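Q: I have a model open here and want to go through it piece by piece. Can you walk me through it?

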Amino acid sequence: LTGSSTPGDNTGNRNIAIGCDAGLDLTTGSCNVLMGARAGYNLTTGSDNIALGRLSLSAAAVTGSYNIAFGFESGCAITSGATQILIGKYAGKGTQTGQDNVYMGRYSGCATSTGSYNVAIGANTMIGSGIKTGNTALGRFAGCAITAAQYNTFLGYGAGHHTTTGCYNIAIGCAVCLSANNANTELAIGC
């Protein structure tokens, strides 16, 4: 915990940092738990964050609070994002801003830059880049191509894997897809 070179700027308290350079830039953030090499490395003013794993929550000037990141490089791009739960290697890796996202599984949500209220559980779920809001993807590769889609529900291995920009859709079943990658308001059920 090195913080600012001006000692008076380092007012953060009740922080725990274990690991090489964990919490290195912490200045006014408080009540953070940072474990692993460079975990929370650039966390500055954010508070009440938990980062476990090398380079988790390690973006430049992390000011977001109430984030939980477990796993190698999980949430490593978060800047002002808050109330995120990111569990797994590279989970939420590209997420910078937004709130209330849950990405669980290796690479889950790894290229999402911003967005809120998304739930992706399973390896490679919601891995497409872009802005996403209010989507739910459960099962490996579910919703994996989403770029700018909103309020979709994909349940099952590979469900909705072709959808990129569609909104208000539901796809249930193994590899079940919609009629087009930008379809809206569709229901598809299969096996």
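Q: Is E73 buried or exposed?
A: E73 is buried, because its relative accessibility is 14% and the cut-off for buried is under 20%. Bear in mind that this is a predicted model.

Q: Where does E73 sit?
A: E73 is in the loop between β4 and β5, the latter being residues 85-87.

Q: What about the phi of E73?
A: The phi of E73 is positive, at about 55°, although the residue is not a glycine. Most residues other than glycine have a negative phi.

Q: Which other non-glycine residue has a positive phi?
A: F141 is one, with a phi of about 65°. F141 lies in the loop between β10 (136-138) and β11.

Q: Is F141 buried or exposed?
A: In between: F141 counts as partly exposed because its relative accessibility is 27%.

Q: Back to E73. Which loop residue is in contact with E73?
A: S56 is one of them. S56 is in the loop between β3 (50-52) and β4 (68-70), and its relative accessibility is 0%, so S56 counts as buried.

Q: What else is S56 in contact with?
A: Besides E73, and leaving aside neighbours within four places in sequence, S56 contacts R38, A39, G40, A51, A69, G71 and S74.

Q: Different topic. How many helices and strands are there?
A: Zero helices and 13 strands. Read along the sequence, the pattern is β thirteen times over.

Q: How are the strands arranged?
A: An open sheet is formed by 11 strands, with parallel pairing, in the order β1-β2-β3-β4-β5-β6-β8-β10-β11-β12-β13. Its edge strands are β1 (16-18) and β13 (187-189), each of which pairs on one side only. Neighbouring strands of the sheet are turned by 5° against each other on average, direction ignored.

Q: What does the pairing of β11 with β12 look like?
A: β11 (residues 153-155) and β12 (residues 170-172) pair in the parallel sense over three bridges. T153 stands opposite I170 in β12.

Q: And A171, what does that touch?
A: Apart from neighbours within four places in sequence, A171 is in contact with T153, F154, L155, A159, G160, V176, L178 and A188.

Q: Which residues touch the most other members in the largest nonpolar core?
A: That core has 27 residues, and those touching the most other members are L34, L86, Y103, M126, F154, A171 and L178.

Q: What about A183, where is that?
A: A183 is in the loop between β12 and β13. With a relative accessible area of 6%, A183 is buried. Leaving aside neighbours within four places in sequence, A183 is in contact with G166, C167, N169 and L178.

Q: How far apart are A183 and E73?
A: Their C-alpha atoms are separated by 33 Å, and the two residues are 110 apart along the chain.

Q: What are the overall dimensions?
A: The C-alpha trace spans about 60 × 20 × 20 Å along its principal axes. The radius of gyration is 18 Å, which agrees with the value near 16 Å for a compact globule of 191 residues.

Q: How much of the contact set is long-range in sequence, say 24 or more positions apart?
A: Such residues account for 1% of the contacts with a separation of 6 or more.

Q: And burial and surface overall?
A: Of the 191 residues, 49% count as buried. The accessible surface comes to about 7800 Å², and 60% of that belongs to carbon and sulfur atoms.

Key: Residues numbered from 1 in each chain as written. Predicted model: local features only at pLDDT ≥ 70, side-chain atom pairs only at ≥ 80, totals over all residues. Heavy atoms only, no water. Core = buried A, V, L, I, M, F, W, Y, C linked by side-chain atoms within 4.5 Å. Buried < 20%, exposed > 50% of the residue type's maximum accessible area, 1.4 Å probe, protein only. Contact = heavy atoms within 4.5 Å. Pairing = 2+ DSSP bridges. Helix = DSSP H or I, 4+ residues; strand = E, 2+ residues; numbered from the N terminus. Axes fitted to C-alpha atoms, helices over the stretch in contact; angles between N-to-C directions. Rg over C-alpha atoms; globule rule 2.2 N^0.38 Å. Areas by Shrake-Rupley, 256 points an atom, 1.4 Å probe, with all protein chains shown as cover.
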